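Colleague: Please take a close look at a single part of this model for me. I would like one connected account of it.

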Amino acid sequence: MLVLLLPGLDGSRAPYAPLEIELRTALATRATVLSMAYDPRGPHDHASLSAIVASKLPAGGDVVLVGWSFSGPIAVRVAMAHRERVRGVVLAASFLRSPRP
């Protein structure tokens, strides 16, 4: 199983560093834990980033997506489009719809 950590609005892996270490230790024999960063040069819309995340899903095996803040909707979108591979979604300090009108 793969646990894929998706970044918040800044697009970096930095906020996940301590969690990634803990998860790798706790799940060492049961899952691979990876964090993802978004290219700061773009694109930055949910549709484009969802396509990028989907391209990182392994061809076989189960995936759990962890969507931090801005990436919550991306995690859900990818999960809905790839139900055969995504076994779970964790929303961390996130939302399904934009909290701003």
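**Helix 3 and the loops of the chain**

Colleague: Which residues of helix 3 are buried, and what covers them?

Modeller: This is a predicted model, and what follows should be read with that in mind. Helix 3 spans residues 72-81. Its buried residues are Gly 72, Pro 73, Ile 74, Ala 75, Val 78 and Ala 79. The cover over these buried residues includes two elements listed before strand 3, namely strand 1 (2-6) and helix 2 (46-55). Strand 3 (63-68) and strand 4 (86-92) are also among the elements that cover the buried residues of helix 3.

Between strand 3 and helix 3 runs a loop that holds Ser 69. The phi angle of Ser 69 is near 50°, which is a positive value in a residue other than glycine. Ser 69 has a relative accessible area of 24%, so it counts as partly exposed; the cut-off for buried is under 20%.

Strand 4, another part of the cover, is followed by a segment that contains Ala 93. Ala 93 also has a positive phi, near 50°, and is likewise a residue other than glycine. Ala 93 counts as exposed because its relative accessibility is 60%, and the cut-off for exposed is over 50%.

Helix 2, also part of the cover, has a loop between it and strand 2 (32-35), and Pro 43 is located in that loop. The peptide bond that joins Gly 42 and Pro 43 is cis, with omega at about 0°.

Technical notes
Residues numbered from 1 in each chain as written. Predicted model: local features only at pLDDT ≥ 70, side-chain atom pairs only at ≥ 80, totals over all residues. Heavy atoms only, no water. Buried < 20%, exposed > 50% of the residue type's maximum accessible area, 1.4 Å probe, protein only. Helix = DSSP H or I, 4+ residues; strand = E, 2+ residues; numbered from the N terminus. Contact = heavy atoms within 4.5 Å.
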